[in-house]
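Biologist: I'd love a close look at one small part of this model, with the surroundings filled in afterwards. Could you walk me through it?

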Amino acid sequence: MNHRFTPVITKRSLYKKMSESKLARIRKIAHEASKQSGNLFPMEVSDPVAVDGLPAAELKLLLWEKEKTQSVKTVLDSSSLPSSILLMVGPPGGFDSGEVQ
């Protein structure tokens, strides 16, 4: 099982670039959190990517405050168990509507 955290650079991201020291700090925090929680599958932290460079996934979920018709629960209830899930949580101010498309 592979758990991966991939920072995404969006239009409203606070950091448009991430230094190696910042990325190393995030990786250390993820490693320590995995150890503390007894997680058998440690979190892998990838290099930051742009929205159009996101990894492929069988099910993609984007948490967007302007979504009015579907909830995460309805999507998960209507789907068979996917082999991979991509969950996106936006920056402060949310995703730009162009990024949602």
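Which residues does Ser13 touch, not counting residues up to four places away in sequence?

Modeller: Happy to! Please keep in mind that this is a predicted model. Leaving out residues up to four places away in sequence, Ser13 touches Val8 and Pro91. As for its place in the chain, Ser13 sits in the loop between strand E2 (8-9) and helix H1 (20-37).

Ser13 has a relative accessible area of 13%, and because buried means under 20%, this serine counts as buried. Its side chain has polar partners in the backbone. A polar atom of the Ser13 side chain lies 2.6 Å from the backbone nitrogen of Thr10. The Ser13 side chain also reaches the backbone oxygen of Val8, at 3.5 Å. Val8 therefore appears twice in this picture, as a residue that Ser13 touches and as the owner of a backbone oxygen within the 3.5 Å limit for a polar contact.

Val8 also leads us to another part of the chain. Leu54 touches Val8, along with Val49, Leu86 and Met88, again not counting residues up to four places away in sequence. Leu54 belongs to the largest nonpolar core, which has 5 residues in all: Leu54, Trp64, Leu86, Met88 and Phe95. Two of the residues that Leu54 touches, Leu86 and Met88, are thus listed in that core too.

A second serine is worth setting beside Ser13. Ser34 is found in helix H1, whereas Ser13 is in the loop between strand E2 and that helix. Ser34 has a relative accessibility of 8%, so it falls under the 20% cut-off and counts as buried. A polar atom of the Ser34 side chain lies 3.2 Å from the backbone nitrogen of Met43. Apart from neighbours within four places in sequence, Ser34 is in contact with Asn39, Pro42 and Met43, so Met43 shows up both as a contact and as a polar partner through its backbone nitrogen.

Stepping back to the whole chain, there are 3 helices and 6 strands, arranged along the sequence as β-β-α-β-β-β-α-β-α. Of its 101 residues, 22% count as buried; Ser13 and Ser34 are among the buried residues. Among contacts between residues at least 6 apart in sequence, 74% join residues at least 24 apart. The C-alpha atoms fill a box of roughly 40 × 30 × 20 Å along the principal axes. The chain exposes about 7600 Å², with carbon and sulfur atoms supplying 56% of it.

Key
Residues are numbered from 1 along each chain as its sequence is written. This is a predicted model: local features need pLDDT of at least 70, side-chain atom pairs count only at pLDDT 80 or more; totals for chains, interfaces and linings use all residues. Side-chain values use heavy atoms; hydrogens and water are left out. Helices (H or I, at least four residues) and strands (E, at least two) are DSSP runs, numbered from the N terminus. Buried means under 20% relative accessible area, exposed over 50%, partly exposed in between (1.4 Å probe, protein chains only). A polar contact is a pair of N or O atoms within 3.5 Å; within protein, one must be able to donate a hydrogen and the other to accept it, and residues adjacent in sequence count only if both atoms are side-chain atoms. Contact means heavy atoms within 4.5 Å. Accessible areas come from the Shrake-Rupley method with a 1.4 Å probe; for residues, only the protein chains shown count as cover. A nonpolar core is a set of buried Ala, Val, Leu, Ile, Met, Phe, Trp, Tyr and Cys residues joined through side-chain atoms within 4.5 Å.
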